[in-house]
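Grab a pencil and get the viewer open. Let's work through a few exercises together, one step at a time.

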Amino acid sequence: MGFKFRKANLNDIDELEHLIELSAKSINSLFYTESEINAALGNVWAVDKQLLIDQTYWIVENLEGIVIGCGGWSKRKLLFGKPKSLTQTESELKPGLNPARIRAFFIHPEYTRRGIGKKLLIKSEIEAQFGGYNSLELVATLSGEKLFSAQGYKKIKTFELNLGNGITNKVVLMNKTIASTF
Ligand SMILES: CC(C)(COP(=O)(O)OP(=O)(O)OC[C@H]1O[C@@H](n2cnc3c(N)ncnc32)[C@H](O)[C@@H]1OP(=O)(O)O)[C@@H](O)C(=O)NCCC(=O)NCCS
C-alpha cells in the first residue's frame, strides 16, 4: 500500500492537529453541523499528549511523508479529549480489571475507506491485549461507529455529549471483549 505506520511522538503534534481538523471538517460534515464540528475540534477531537508519552498512539504517513492517519489505545481512564494533567498514577487503568481505551482515530479524507482505520485498530487491539487487557471501551463519533461496529464493537448507549454553549454531539459508547494473553 505504500503507507508507513509508526508511533507518534511530541514532535508530531502540529501535523496531528492539522490532520484532525482536516478529517473532522470533511468526513464528519456528513454527520454533524459546522457549529458542532467547530465546538468539538481542539476540545474533544484533539491530540492527547499523554498517549504520545505512553507510546500508545500511531501515525500513518504516505510515501511523501505526509501524515494521513492516526489512532491508538490508552491505559488511562480518560475516554476522549485531553487530560488536565499528564502522567498521573491515578489516571491509570488496571489490566484485567478495566477496559483499555481506544482513542482518537482520524483519517485524511483522501485516504478514507482504504482499510487504514481498520489496520490502526488491529494494531491498537494487539498492543492492549499484550498489555494484559481483556476488553476495550471507547466513545465513537457517528463516522467512527461505522468502523468500530465493523470490527465487532457493541453499542452500549448513544448519548449527547455536552460541548458547551448549548452545543452537543451525538456519540456512541461502545465496547469489545478480547482474549487476554495472560
Ligand atoms: C472513522 C474513520 C477513522 C474510519 O477510517 P477509515 O480508514 O476510512 O476506515 P476503514 O477503511 O479502515 O474502514 C473499515 C471498515 O469500517 C466500515 N466503515 C468505515 N467507515 C465507514 C463509513 N463512513 N460508512 C460505512 N462503513 C464504514 C466499513 O465496513 C469498512 O470496510 P469497507 O470499506 O471494506 O466497507 C474515518 O471515517 C474518520 O477519520 N472519520 C472522521 C474522524 C472521526 O470522527 N473519527 C472517529 C473518532 S471516534
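Below are four exercises, each with a worked solution.

This is a predicted model: local features need pLDDT of at least 70, side-chain atom pairs count only at pLDDT 80 or more, and totals for chains, interfaces and linings use all residues. Residues are numbered from 1 along each chain as its sequence is written.

**Exercise 1.** Check the length of helix 4 and find what its buried residues pack against.

Step 1. Helices (H or I, at least four residues) and strands (E, at least two) are DSSP runs, numbered from the N terminus. Helix 4 covers residues 116-130, which is 15 residues.

Step 2. The expected span is 1.5 Å times one less than the number of residues. For helix 4 that gives 21 Å, and the helix reaches 21 Å from its first C-alpha to its last.

Step 3. Call a residue buried if 20 or more other C-beta atoms lie within 10 Å of its own, exposed if 12 or fewer, and partly exposed in between, with C-beta atoms placed from the backbone. Among the buried residues of helix 4 are Ile 116, Leu 120 and Ala 128.

Step 4. The buried residues pack against strands 2, 3, 4 and 5, plus helix 5.

**Exercise 2.** Work out how strand 4 pairs with strand 3 and with strand 5.

Step 1. Strands pair if DSSP finds at least two bridges between them. Strand 3 and strand 4 have five bridges and run antiparallel; Trp 73 sits opposite Ile 102 of strand 4.

Step 2. Strand 4 and strand 5 share two bridges and run parallel, with Ala 100 partnered by Leu 136 in strand 5.

Step 3. Now add the helix: strand 4, helix 4 and strand 5 form a right-handed β-α-β unit. Right-handed means that, with the strands pointing away from you, the path from the first strand over the helix to the second runs clockwise.

**Exercise 3.** Thr 87 has a positive phi; is this residue buried or exposed?

Step 1. Its phi is about 50°, although Thr 87 is not a glycine. Look for Thr 87 in the loop between strand 3 and strand 4.

Step 2. Thr 87 counts as exposed because it has 12 C-beta neighbours inside 10 Å.

**Exercise 4.** Describe the shell around the ligand.

Step 1. A residue is near the ligand if its C-beta atom, placed from the backbone, lies within 6 Å of it. The ligand is surrounded by 21 residues, and Gly 117 and Lys 118 are among the closest.

Step 2. Helix 5 gives the most, five residues.

Technical notes: Two residues are in contact if their C-beta atoms, placed from the backbone, lie within 7 Å.
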